[in-house]
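Please read these comments with the coordinates open. They are ordered from the overall fold to single residues.

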Amino acid sequence: MLSQSYFSFITIILKLAGAWEPAYDSRWRNVLLDVYNVVCLTFTLVFFYGSEVAFTIASRDNISLLLQCITWLATHTAAVFKTLLWLFNRRQILKVIRSLDASEFQYEATDSFDPSEVMKMKNKYNYIYLSLHFWAGQMIPVTNCLGAIASLYLEQTNHDMTVANTSVCDNLPFPTYIPWITDTKLRCLFTIIAQGIGVGTFGFMIISMDGMFTSSVSFITAHFLVLQGAFRSLLPRAMLNMKNHNGNGHDLDGQINVEMNKCVKHLQTLLSAVDNIENMYKFQTLTMALVTLFVVCNNLFIISTMPITSKAFLGHLSYLLTCEVEFSAYCWFGNELTLACAHLTQALYESDWIQFNAKVKRSILLTMTRMDRPVTLSMGKFSPLTLNTLVSTLRGSYSFFAVLKQMNDS
């Protein structure tokens, strides 16, 4: 199945995040994965996320610290929301993806059209994006924790933190409530590692939820690109089938009609898949836009108030860039889908339609008329998920930042 190879990498990340439903032949493997899922989701969504909420409430009197807490909390709240949406909709999402694996949507290769190469190329780009997103996401907990450990052992000369008159918060990489005593370096080290694990598992969740969306959209886009080639090669494929299978009882016009009907059915299935993905992800994409708007604005303000040589500067800058890239991927893949659909009309025009009979020509005209309406994904039905939306969101973030900066300076 095409979807198995296309989604192999994101499936591994979903398993690491504890969000993959077990479906092994072995009962014990299913039980073990269920246990891992429960432990992982409970630790991340209940204990670690709860500690972030508690620490944010406790920091309400310190504006600078509160802004940092809200930034992390906003991102992780969005991650919790996306994870819950996936847990409720994962069977329907996978059903939509698997519906495109039907054998009737497989096309013969011709001299100018090879559907397998189209799928391989899109899969390659999707894999590169997922790999970069995976390593970039995991670099945040790794770099922050390494910096905190270095600060703990290089700057603190006393083993006892209370003797050094230093708050444990000065050495922790992330703003969370700590329910145990952290009065020694060893306990501080344990706390830093625990925070790193919590943020790392949140990273797996964010990457897997975003990756599942982008992979689904990329997979559908790849099918639209294949369909473009199928429309262009109607005549060569019909002639190839006549040669290899004697047309299955059809003359050339009849075989062209069969191929056209096959393409039209494929198109209808793809449009239905787009509608289903849109309905299941519309709140997730809206959440991503709002969180990006807030996080970019907030991080720009925080960065503007600290010196470049500060230990926290690089962490906030990398976090800012990661959030921008994360939302940029949503808009990029959504824009690619829109462009792939828009080019279907041109592909139909290039299909040697002059040689077709009246029935096929009428079908082509109806299909071209339908594709005059743009096919887009949206953010909660408010705005299309395109590169223009990305630019507008980043502009809005900078405008809010400029206002905050001016108010703070005055």
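**Notes on the predicted model**

1. The chain contains 12 helices and 0 strands. Here helices (H or I, at least four residues) and strands (E, at least two) are DSSP runs, numbered from the N terminus. In sequence order the pattern reads α-α-α-α-α-α-α-α-α-α-α-α. This is a predicted model, in which local features need pLDDT of at least 70, side-chain atom pairs count only at pLDDT 80 or more, and totals for chains, interfaces and linings use all residues. Residues are numbered from 1 along each chain as its sequence is written, and side-chain values use heavy atoms, with hydrogens and water left out.

2. Overall extent and burial come next. Along the principal axes, the C-alpha atoms of the chain fill a box of roughly 95 × 60 × 30 Å. Of the 410 residues in the chain, 52% are buried. Buried means under 20% relative accessible area, exposed means over 50%, and partly exposed is in between, with a 1.4 Å probe and protein chains only.

3. Helix α6 covers residues 185-232, which is 48 residues, and at 1.5 Å a residue it should span 70 Å. The expected span is 1.5 Å times one less than the number of residues in the helix. The end C-alpha atoms of α6 are 68 Å apart, which agrees. In α6, 40 of the 48 residues are buried, so the helix is largely enclosed by the rest of the structure.

4. Which residue of α6 can be paired with V274 as an example? I220 is found in α6, and its C-alpha atom is separated by 7.6 Å from that of V274, although the two are 54 residues apart along the chain. I220 is buried, with a relative accessible area of 2%.

5. Two packed helices are described by the angle between their axes and the distance between the axes. Helix α5 (residues 115-154) packs with α6 at an angle of about 165 degrees, and the axes are 9 Å apart. α5 is therefore roughly antiparallel to α6. Angles over 145 degrees count as roughly antiparallel, under 35 as roughly parallel, 65 to 115 as roughly perpendicular and the rest as oblique. Axes are lines fitted to C-alpha atoms, for helices over the stretch in contact, and angles run from 0 to 180 degrees between N-to-C directions. The crossing of α5 past α6 is right-handed; a crossing is right-handed if the near helix is turned clockwise from the far one by less than a right angle, and left-handed if anticlockwise.

6. A second helix pair is formed by α8 (residues 252-304) and α11 (residues 358-370), whose axes come within 10 Å and cross at roughly 20 degrees. These two helices are therefore roughly parallel to each other. α8 passes α11 in a left-handed crossing.

7. Aromatic side chains: the count comes to 15 aromatic pairs. Rings of Phe, Tyr and Trp (its six-membered ring) pair if their centres lie within 6.5 Å; planes under 30 degrees apart count as stacked, over 60 as edge-to-face and the rest as tilted. One aromatic cluster is formed by F9, Y127, F134, W135 and F204. Separately, R27 lies over the face of W28, at 5.4 Å from the ring centre. A charge sits over a ring if NZ of Lys or CZ of Arg is within 6 Å of the ring centre and within 35 degrees of the ring normal.

8. Two further C-alpha separations can be checked. Y49 is in helix α3 (residues 27-58) and is buried, with a relative accessible area of 18%. The C-alpha atoms of Y49 and T77 are separated by 8.1 Å, with their positions 28 residues apart along the chain. M239 lies in helix α7 (residues 234-245) and counts as partly exposed at 48% relative accessibility. From M239 to D251, 12 residues apart along the chain, the C-alpha separation is 9.7 Å.

9. Which residues have a positive phi without being glycine? D352 has a phi near 55 degrees. It is found in the loop between α10 (344-349) and α11, and counts as partly exposed at 37% relative accessibility. K381 has a phi of about 70 degrees. K381 lies in the loop between α11 and α12 (387-409) and counts as exposed at 53% relative accessibility.
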